[in-house]
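This report is meant to be read with the structure at hand, one region at a time. Please keep the sequence and the model open while you follow the headings below.

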Amino acid sequence: MKIKVKPSLVAAPMAFFYKALTKTLRFDVEGLENLIEIMDRKEPVMLALWHNELFALTSYGMTKGFPYVTMASDSRDGQIITETLERLGFKVARGSSTRGGVKAMLGMTRLMKREGCIGIITVDGPKGPRHKVKQGILAIAQKTDSLIIPIRGYVENPMVFKKSWDHFEVAKPFSRCKVFMDKPFKVTDQKLSPEILESEAAKIEAAMDNLGSGF
């Protein structure tokens, strides 16, 4: 018999752990001015990151206290993730590319427009292929007239879950983390046909592949 645990009973200790670990991490950051300039102009902006670097970049995001919105699935696991992120100060639009994706995209778009949130998307999530940009961020960016800033997070000697599809990385306590933010990318105003989507996605992939370097 499966024992169901309330998401809040899992989310609360996860958020506590995250906050405690984040306080021990040391961040070296390049390119933050690219984001600050856009925020100062009150223009909409989205951050594009790889799924395997989510842990460290979420920690870095917490240290800045900016208004963020991201997505989580409609599943039970998604509820745990949602409640954890909300405890960390993030807003969450429910849904994903596999479950309720349209609803999540609309929710994120609404929060970006209404509350001026910075959109955050793991562009190769939730199930890969690894480091291949999917179309969701392009559709939302065009809908909200947002700039996209590719962002990378490199962790010193991370714990790597090699059996996961993305080789997810978790920072160890007192690790150094390098964060790089690229120049903003503007999505074309042309109709997002399959050919245009492929071309625009390739531009973001190239920018992210060439952004910064690890330890």
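## Ile 151 and the nonpolar cores

In this predicted model, Ile 151 touches a set of residues that, leaving out those up to four places away in sequence, consists of Leu 47, Ala 48, Leu 49, Glu 53, Leu 57, Val 179, Phe 180, Met 181, Met 208 and Leu 211. Ile 151 also belongs to the largest nonpolar core, which has 33 residues, and it is listed with Leu 35, Leu 47, Phe 55, Ile 118, Ile 149 and Met 181 as touching the most other members. Leu 47 and Met 181 therefore appear twice in this picture, as contacts of Ile 151 and as members of that core with the most such contacts.

Apart from this core there is a second, separate one of 25 residues, and among its members are Trp 50, Ala 93, Leu 138 and Ile 140.

## Helix H3 and the loop before it

Helix H3 covers residues 54-64, and its buried residues include Phe 55, Ala 56, Leu 57, Thr 58, Ser 59, Tyr 60 and Gly 61. Two of these have been named already: Phe 55 as a member of the largest nonpolar core, and Leu 57 as a contact of Ile 151. Just after H3 comes Gly 65, whose phi is positive, at about 70 degrees.

Asn 52 lies in the loop between strand E2 (45-49) and H3. Is Asn 52 buried or exposed? With a relative accessibility of 2%, Asn 52 counts as buried, because buried means under 20%. When its neighbours within four places in sequence are set aside, Asn 52 is in contact with Arg 130, His 131, Asp 166, His 167, Phe 168 and Glu 169.

## Salt bridges between distant parts of the chain

The count of salt bridges comes to ten. One of them joins Lys 103 to Asp 74, with the closest N and O atoms 3.3 Å apart. This pair links distant parts of the chain, since Lys 103 is in helix H5 (residues 101-115), whereas Asp 74 is in the loop between strand E3 (68-72) and helix H4 (76-87), 29 residues apart. Lys 103 is partly exposed at 49% relative accessibility, and Asp 74 is partly exposed at 29%.

Lys 91 and Glu 115 form another salt bridge, in which the closest N and O atoms are 3.4 Å apart. Here too distant parts of the chain are linked, with Lys 91 in strand E4 (residues 91-94) and Glu 115 in helix H5, 24 residues apart. Lys 91 is partly exposed, with a relative accessible area of 37%, and the value for Glu 115, also partly exposed, is 37%.

## A salt bridge within helix H7

The side chains of Lys 203 and Glu 200 meet in a salt bridge with an N to O distance of 3.0 Å. Lys 203 and Glu 200 are separated by about one helical turn, because they are three residues apart in helix H7 (residues 194-209). An α-helix has 3.6 residues a turn, so residues three or four places apart point the same way. In burial the two partners fall into separate classes: Lys 203 is partly exposed at 45%, while Glu 200 counts as buried at 4% relative accessibility.

## Cysteines

How many disulfides does the structure hold? The number is zero. Cys 117 is buried, with a relative accessible area of 4%, and Cys 177 counts as buried at 1% relative accessibility.

Conventions: Residues are numbered from 1 along each chain as its sequence is written. This is a predicted model: local features need pLDDT of at least 70, side-chain atom pairs count only at pLDDT 80 or more; totals for chains, interfaces and linings use all residues. Side-chain values use heavy atoms; hydrogens and water are left out. A salt bridge is a side-chain nitrogen of Lys or Arg within 4 Å of a carboxyl oxygen of Asp or Glu. Helices (H or I, at least four residues) and strands (E, at least two) are DSSP runs, numbered from the N terminus. Buried means under 20% relative accessible area, exposed over 50%, partly exposed in between (1.4 Å probe, protein chains only). A nonpolar core is a set of buried Ala, Val, Leu, Ile, Met, Phe, Trp, Tyr and Cys residues joined through side-chain atoms within 4.5 Å. Contact means heavy atoms within 4.5 Å. A disulfide is a pair of cysteine sulfur atoms within 2.5 Å.
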